[in-house]
Amino acid sequence: MHTDVAWPNGWEGGYVAGHDEVRAYWLRQWKQIDPTVEPLAFAVRPDGRVAVTVRQLIRDLTGQVISDEQLSHVYHFEDGKIRSMVIER
């Protein structure tokens, strides 16, 4: 990831920025939910962004399904690193 990465906080809302905020977000998330993201398809868009269609299954820590949906994670790269990602429903 780019040092100034912008990453969606799909669990709490908004965005986090930079390595430290992404790390802290992931650590908070994994203490409370168990997400599994399975890539299904990849497409390069005309503007160069890469759209990954995923199945996103989120369970609570007891194994109960919170959500199970198909959506797109869209990545913008800069200098060969992820600069930003957005979630498209």
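V74 lies in strand β5, which spans residues 65–78; helices (H or I, at least four residues) and strands (E, at least two) are DSSP runs numbered from the N terminus. The model is predicted, so to speak of local features requires pLDDT of at least 70, side-chain atom pairs count only at pLDDT 80 or more, and totals for chains, interfaces and linings use all residues. Residues are numbered from 1 along each chain as its sequence is written, and side-chain values use heavy atoms, with hydrogens and water left out.

V74 counts as buried because its relative accessibility is 2% (buried means under 20% relative accessible area, exposed over 50%, partly exposed in between, with a 1.4 Å probe and protein chains only). Beyond its neighbours within four places in sequence, V74 is in contact (heavy atoms within 4.5 Å) with R45, R49, V50, A51, S84, M85, V86 and E88. One of these partners, M85, is 11 residues away along the chain, and its C-alpha atom is separated from that of V74 by 5.4 Å.

V50, in contact with V74, opens strand β4 (residues 50–60), which pairs with strand β3 (residues 33–44) in the antiparallel sense over 11 bridges; pairing requires that DSSP finds at least two bridges between two strands. Within this pair, A41 stands opposite T53 in β4. The two strands form a hairpin with 5 residues between them, and G48 in the turn has a positive phi of about 95 degrees.

H2 sits in the segment before β1 (6–8). H2 is likewise buried, with a relative accessible area of 12%. Leaving out residues up to four places away in sequence, H2 touches H19, E78, D79, K81, I82 and R83.
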